[in-house]
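Hi,

Here is the structure I said I would pass on. Have a look at it first, and then read my notes underneath.

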Amino acid sequence: MRNRIISLICTLSMAIAWSLAAAAHAASNAAPAAQSQSAPAKKQSPPPGSPPKPFHVPQQEKFTLPNGIQVTLVPYGAIPKVQIGLSIRAGNLNEAENQVWLADLTTSLMKEGTTSRSAQQVAQEAASMGGSVDVSVGPDITRIDGDVLAEYGPQMVGLLADVAMHPLLPASELERLKKDQIRNLTIQKSQPQPVAQEQFMKALYPNHPYGRFFPTEPMIQGYTIAEVQKFYKDNFGAARTHVYVAGKFDAPAMKKAITEAFSQWPHGPDPLIDIPKPVTKHEVSLIDRPGAVQSTLYIGLPTIDPSNPDYIPLQVMNAILGGSFGSRITSNIREQKGYTYSPSSQVSPRYRDAYWVQVADVTAQYTGASIKEILYEIDRLQKEAPSDAELQGIQNYLAGRFVLRNSTRAGLVGQLEFVDLHKLGQAYLNSYVQKIYAVTAQQVQQAAQKYIDTQKLTMVVVGDKQKVAEQIAPYQGTGGQ
């Protein structure tokens, strides 16, 4: 039956293709005659798109197990699949000064099986359920995720619990994974953007884990399995874990599976709260890359985090300034002047912390000119609020991107995790689109004035010193032009 259906689909596809080709051929033959009889028709502009509709998170069910594990269940979508995500408040934030990337090494070893399942068995079991298991780490959070056919949701809960609670952390794989890290370190340090980002983060967070971007090779070589085991023991546990379930699932069966799988996990440590005090000062760093035909720019400063009421106006301001393809900086140094191909700015948040940064790879001979134009556009936005049309275009872009981000199970889980990490409240996601459209042109201008002080920008330039040193000299002493 399946083969007959495939055959029928192929036959229909070929028929449609031939029909379209014939129609195109006929149209091309008729075109000259039509053109000779009448003037070309005027091109019509497409009708304007309607603004994205507000996004509403489906009704959530929340509960907490006695050991402290929090659970959020969200029925979502019509596809018979379910996303289960464990969000554990452990990451690079928890590393000591001599432990950079130890969190990464720990999560890599967590992929190598449990005390009752080999890595191959974990993969095979997940595949038999129509899914896979992934473990990843970031500054604040370790994620353990599985996405499976809906009927296997409770079984995947048990598998993820085993990976989280009983990792084998095999010593036999340590040397291989350390070599992988050293190889990755070598690759990243050979590329200009990671090198620029390392210096930028070090300047903003000199005495904090957020500022420790790269380990040294001897540091990696020195890691022992005992250190990995201790890092896991000190940082993983029920009190730091939130289980998210989104998709199609049987709620009673899922609640039962979560309770049975996770109830025996010890409470463990409470989440580490280590809010940084970033440095806000004008500083220009030049990292020599002899022979480079481009210069990589990182220009930014610390800013407000998502819990601040001005955070949404700040996002709109960022999108207008440099954070979208239609932004002012992109229009200036890409479209008008051709200094760069893909400049972009962003607001990068962590728990109770964030920074704004403009990044661009620019042609070496235009390094100084690019900095000048970036500063010019910041100054212009501080003096000149966006027009109604410019603001509406950016609002449509941000609202549409937000709705698209929530169009998948994994995307929704990520948004729920973001809201919970930053303690934004249940109304945040449901009101986000409305709040984006409520931002005024004056608020955008005020955000630029309040949160981007050009006299306190940290600037990092990675490029050929012989070509760019003289160009950036005017910016060494002051952030202005």
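Below is what turned up, starting with the chain as a whole and then going through open space, one helix and a few single residues.

First, a caveat: this is a predicted model.

**The chain overall**

The chain has 481 residues, and 48% of them count as buried. Its secondary structure comes to 17 helices and 11 strands. If you take the contacts between residues at least 6 apart in sequence, 82% of them join residues at least 24 apart.

**The largest pocket**

I guess you will want to start with the pockets. The largest one has a volume of about 770 Å³. Its lining is made up of 30 residues, and the ones nearest the centre are Y311, V347, P349, R405 and F418. Two or more lining residues come from each of α10 (311-321), β9 (344-350), α13 (388-405), α14 and α15 (427-438). Which element gives the largest share of that lining? That would be α14, with six residues. In terms of chemistry, the lining of this pocket splits into 13 nonpolar, 11 polar and six charged residues.

**The second largest pocket**

The second largest pocket holds about 530 Å³ of space. Here 27 residues form the lining, with N92, W101, D104, P139 and F213 nearest the centre. The elements that put two or more residues into this lining are α2, β4 (133-137), α5, α6 and β9. You will notice that β9 is on the list for the largest pocket and also on the one for the second largest pocket. The top contributor to the second largest pocket is α5, which gives four residues. By class, the lining of the second largest pocket has 11 nonpolar, 10 polar and six charged residues.

**A cavity**

There is closed-off space too. How many cavities of 30 Å³ or more does a search of the whole structure find? Just one, and about 40 Å³ of space lies in it. The residues around this cavity are V57, Q60, L416, V419, D420, G425, Q426 and L429. They divide into four nonpolar, three polar and one charged. Helix α14 (residues 409-421) gives the most to this lining, with three residues. So α14 turns up twice as the top contributor: in the cavity lining and in the lining of the largest pocket.**Helix α5**

Back to α5, which covers residues 174-189. With 16 residues at 1.5 Å a residue, α5 should span 22 Å, and its end C-alpha atoms are indeed 22 Å apart, which agrees. The buried residues in α5 are L174, L177, K178, Q181, I182, L185 and Q188. Where do these buried residues sit when you look down the axis of α5? They fall within an arc of 145 degrees, so they line one face of the helix. Their cover includes α2 (102-110), α6 (192-204), α7 (217-221) and α8 (225-235).

**Three single residues**

Here are three positions to click on while you have the model open.

- Q99 is in the loop between β3 (81-88) and α2. Is Q99 buried or exposed? Buried, because its relative accessible area of 18% is under the 20% cut-off. Apart from its neighbours within four places in sequence, Q99 is in contact with N94, M219, Y223 and F231.
- P276 is another loop residue, found between α9 (251-262) and β7 (283-288). P276 counts as buried at 8% relative accessibility. Not counting residues up to four places away in sequence, P276 touches Y205, H208, Y210 and D353. As for D353, it is 77 residues from P276 along the chain, yet their C-alpha atoms are separated by 7.1 Å.
- T330 belongs to helix α11 (residues 328-336). The relative accessible area of T330 is 2%, which makes it buried. Leaving aside neighbours within four places in sequence, the contacts of T330 are G322, S324, F325, E335 and P343.

That is what I have for now.

Cheers

Technical notes: Residues are numbered from 1 along each chain as its sequence is written. This is a predicted model: local features need pLDDT of at least 70, side-chain atom pairs count only at pLDDT 80 or more; totals for chains, interfaces and linings use all residues. Side-chain values use heavy atoms; hydrogens and water are left out. The expected span of a helix is 1.5 Å times one less than its number of residues. Buried means under 20% relative accessible area, exposed over 50%, partly exposed in between (1.4 Å probe, protein chains only). The arc is that of the directions from the helix axis to the C-beta atoms. Contact means heavy atoms within 4.5 Å. On a 1 Å grid over the protein atoms alone, a cavity is a set of points where a 1.4 Å probe fits but cannot get out, and a pocket is an open set with protein on both sides within 12 Å along at least five of seven lines; lining residues have an atom within 4 Å of a point. Grid points are joined across faces, edges and corners, and a volume is the space filled by probe spheres set on the points. Ala, Val, Leu, Ile, Met, Phe, Trp, Tyr, Cys and Pro count as nonpolar, Asp, Glu, Lys and Arg as charged, and the others, Gly among them, as polar.
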